[in-house]
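Please read the following alongside the sequence and the coordinates. The account goes through salt bridges, nonpolar cores, one loop residue and model confidence.

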Amino acid sequence: MAAETGIGQRGSVERVDLEAAVARAGDGAFAVGADGRITLWNRAAERLLGYAAREVLGKPCCLVFAGRDDRGNRVCYDGCQVRALIGMGEGVQSFDMRTRTKNGRPVWLNVSTLALANGKPAGSVTLHLFRDVTATRELLGLVHEKLAAAASDGHPPPADVLTRREIDVLRLLAAGASTKAMADQLHVSLATVRNHVQNITGKLGVHSRLEAVAHAHRHRLL
């Protein structure tokens with residue numbers, strides 16, 4: 001399978017052998033077709049999770065990973081928000097999810113996503129890169145516990161942190177609206193929407209739109 005991508009300062013378009021690029025990646029890497037099934041799986045992915053390529057090729061990625069966020073909410077499922085954003089032409093921010101290796105060992109992965117046009121009617125190929133961040137997550141967990149123990153009472157609930165307009169944007173995010181759809185509905189520019197999203201993730205202490213929506217449901221902000 002090959003993909004076309006624009007690279008180089010002159011903007012020239014070169015054909016890139018996707019299989020070779022995935023094989024060379026130092027991080028775990030796999031590709032998913034438009035149907036959500038795994039089409040490529042590199043050796044780093046095998047090393048990190050224990051699954052050989054023959055065990056996962058052709059299987060839905062949501063079944064292989066069954067990822068969840070830090071509150072136990074499902075991140076991986078058929079028609080997940082990552083696929084929904086890609087289908088709308090939106091970028092997907094990197095995110096953390098908890099999964100298990102083939103041997104059942106729990107691990108945290110940081111996942112980055114890139115949609116690649118493959119020139120076929122079936123649609124695009126989605127490339128995912130992931131790395132083990134278990135040690136980092138455990139360290140952050142200890143730090144957060146220490147900070148929470150040292151913090152004084154009287155902090156406002158999470159909903160009070162957001163402005164009324166940010167709550168509006170958060171509701172639209174939860175509904176799966178794209179950046180353009182939110183801008184049209186709120187009668188603001190795309191840049192303004194992006195600023196609101198950045199403010200929301202910063203105030204809620206999350207790192208992506210997916211985590212912001214999960215946080216909102218968890219704390220009943222909507």
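**Salt bridges, cores and a buried serine**

K203 counts as partly exposed, because its relative accessibility is 37%. The model in which this value was computed is a predicted one. The side chain of K203 meets that of E166 in a salt bridge, with N to O at 3.0 Å. E166, in contrast to its partner, is buried, because its relative accessible area is 3% and the cut-off for buried is under 20%. E166 belongs to helix α8 (residues 164-174) and K203 to helix α10, so the salt bridge ties together parts that are 37 residues apart in sequence.

Side chains of opposite charge can pair when their charged atoms come close. Across the whole structure, a search finds 10 salt bridges. One of them joins R131 and D27, whose side chains meet at 2.8 Å, N to O. R131 is in strand β7 (residues 125-132), while D27 is in the loop between α1 (18-24) and β3, so this pair ties together parts 104 residues apart in sequence. What is the exposure of R131? R131 counts as partly exposed, at 45% relative accessibility. D27 also counts as partly exposed, at 25% relative accessibility.

A further salt bridge is formed by R137 and D96, with their closest N and O atoms 3.1 Å apart. This pair links distant parts of the chain, since R137 sits in helix α6 (residues 134-150) and D96 in strand β5, 41 residues apart. D96 counts as buried, because its relative accessibility is 17%. The pair does not stand alone: D70, D96 and R137 are linked in a network of salt bridges.

The nonpolar interior comes next. The largest nonpolar core has 27 residues, of which W41, L49, F65 and F130 touch the most other members. Two or more residues of this core come from each of β3 (28-32), β4 (38-41), α2 (43-49), α4 (61-65), α5 (81-87), β5 (95-100) and β6 (106-116). Which element gives the largest share of this core? It is α4, with 4 residues. F65 can be followed outward from here: leaving aside neighbours within four places in sequence, F65 is in contact with F30, W41, L49, C76, M97, T99, L109 and F130. A second core, separate from this one, has 19 residues and includes L162, L186, A212 and L221.

S208 lies in the loop between α10 (190-204) and α11 (209-218). Is this loop residue buried or exposed? S208 is buried, because its relative accessible area is 1%. The side chain of S208 reaches the backbone nitrogen of E211 at 3.2 Å. Not counting residues up to four places away in sequence, S208 touches Q93, S94, F95 and T201.

Confidence in the model remains to be described. The mean pLDDT of the protein is 81, and 80% of its residues reach 70 or more. Over residues 1-15 the pLDDT is below 50, and this stretch has 26 contacts in the model beyond near neighbours in sequence. Residues 151-157 also have a pLDDT below 50, but for this stretch the model shows 0 contacts beyond near neighbours in sequence.

Methods:
Residues are numbered from 1 along each chain as its sequence is written. Side-chain values use heavy atoms; hydrogens and water are left out. Buried means under 20% relative accessible area, exposed over 50%, partly exposed in between (1.4 Å probe, protein chains only). A polar contact is a pair of N or O atoms within 3.5 Å; within protein, one must be able to donate a hydrogen and the other to accept it, and residues adjacent in sequence count only if both atoms are side-chain atoms. Contact means heavy atoms within 4.5 Å. A nonpolar core is a set of buried Ala, Val, Leu, Ile, Met, Phe, Trp, Tyr and Cys residues joined through side-chain atoms within 4.5 Å. pLDDT is the predictor's confidence in each residue, from 0 to 100. A salt bridge is a side-chain nitrogen of Lys or Arg within 4 Å of a carboxyl oxygen of Asp or Glu.
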